[in-house]
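User: I would like to go through the labels given to this chain and hear the reasoning behind each one. Please take them one at a time.

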Amino acid sequence: MDLPFGVTNWAEVAGEKHSGTTGVATWRTRQFGPVRVRMVEYSPDYLADHWCQKGHFLLVTAGELVTELADGRVFTLTPGMSYQVADGAEAHRSSTVIGATLFIVD
């Protein structure tokens, strides 16, 4: 609600570095009321340093992303694939061997 039309040029949004257990994630973030929208780039050999409980809609736009759930399931996503998970539903963490670019709404 109350969100006017707007355009985002992601190349103009400053990146913020977040170190993983290995590698680095660069987040380009926009906030629209309660909705956070991010373009995230994972370096090669990135492994998240935590199990995430936050809900997301995530689309892989480049590279290859491996998402592991706390129950042991593992999913490999390539460009054009997405996942969705609710807040607190299933803990998950990301990794990539070759690097990945993601579009995330949470």
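User: Which residue stands opposite Glu68 in β7?

Analyst: Val74 stands opposite Glu68. The model is a predicted one, and this pairing is read from its coordinates.

User: What makes β6 and β7 a strand pair?

Analyst: Two strands count as paired when at least two bridges are found between them. β6 (residues 65–69) and β7 (residues 74–77) have 4 bridges and run antiparallel, so by the cut-off of at least two they are a pair. The two strands form a hairpin with 4 residues between them. In its turn, Gly72 has a positive phi of about 100°.

User: What does Val74 touch, leaving out residues up to four places away in sequence?

Analyst: Val74, in strand β7, touches Val66, Thr67 and Glu68. Gly15, by contrast, is 59 residues away from Val74 in sequence and 28 Å away in space, C-alpha to C-alpha.

User: Why is the link between Glu68 and Arg93 called a salt bridge?

Analyst: The term requires a side-chain nitrogen of Lys or Arg within 4 Å of a carboxyl oxygen of Asp or Glu. For Glu68 and Arg93 the N to O distance is 3.0 Å, so the pair meets the 4 Å limit. Glu68 lies in strand β6 and Arg93 in strand β9 (residues 92–96), so this salt bridge ties together parts that are 25 residues apart in sequence.

User: Are those two side chains buried, exposed or partly exposed?

Analyst: Buried means under 20% relative accessible area and exposed means over 50%, with partly exposed in between. Glu68 has 26% and Arg93 has 25%. Both values fall between the two limits, so both residues are called partly exposed.

User: How many salt bridges are there by this rule, and what joins Arg36, Arg38 and Asp106 into one network?

Analyst: The count is 7 salt bridges. Arg36 forms one with Asp106, the closest N and O atoms being 2.7 Å apart. Arg36 is in strand β3 and Asp106 in the segment after β10, 70 residues apart. Arg38 also forms a salt bridge with Asp106, again with closest N and O atoms 2.7 Å apart. Arg38 lies in strand β3 too, so this pair ties together parts that are 68 residues apart in sequence. Salt bridges that share partners join Arg36, Arg38 and Asp106 into one network.

User: Why is Asp106 called buried, and what is Arg36 called?

Analyst: The cut-off for buried is under 20%. Asp106 has 12% relative accessibility, so Asp106 counts as buried. Arg36, at 21%, counts as partly exposed. Arg38 has a relative accessible area of 4% and is therefore buried.

User: How do you know that β3 and β10 pair?

Analyst: 6 bridges join β3 (residues 35–42) to β10 (residues 100–105), and the two strands run antiparallel. The requirement is at least two bridges, so the pairing holds. Among the partners, Met39 is bridged to Phe103, and Tyr42 stands opposite Ala100. On the β5 side, β10 pairs in the antiparallel sense over 6 bridges, with Ala100 as the bridge partner of Gly63.

User: What makes β1 and β8 edge strands?

Analyst: Each pairs on one side only. The open sheet has 6 strands in the order β1-β2-β3-β10-β5-β8, with antiparallel pairing. β1 covers 15–19 and β8 covers 82–85. The twist averages 25° from one strand to the next.

User: Which residues have the most contacts inside the largest nonpolar core?

Analyst: Val40, Tyr42, Leu58, Val60, Leu65, Tyr83 and Leu102 have the most contacts in this core of 14 residues. The elements giving two or more residues are β3, β5 (56–63), β8 and β10. β10 gives the most, with 3 residues.

User: What is in contact with Leu65, leaving aside neighbours within four places in sequence?

Analyst: The contacts of Leu65 include Tyr42, Leu58, Val60, Tyr83 and Leu102. Phe75, Thr76 and Leu77 are also among them, as are Ser94, Ser95 and Ala100.

Methods: Residues are numbered from 1 along each chain as its sequence is written. This is a predicted model: local features need pLDDT of at least 70, side-chain atom pairs count only at pLDDT 80 or more; totals for chains, interfaces and linings use all residues. Side-chain values use heavy atoms; hydrogens and water are left out. Axes are lines fitted to C-alpha atoms, for helices over the stretch in contact, and angles run from 0 to 180 degrees between N-to-C directions. A nonpolar core is a set of buried Ala, Val, Leu, Ile, Met, Phe, Trp, Tyr and Cys residues joined through side-chain atoms within 4.5 Å. Buried means under 20% relative accessible area, exposed over 50%, partly exposed in between (1.4 Å probe, protein chains only). Contact means heavy atoms within 4.5 Å.
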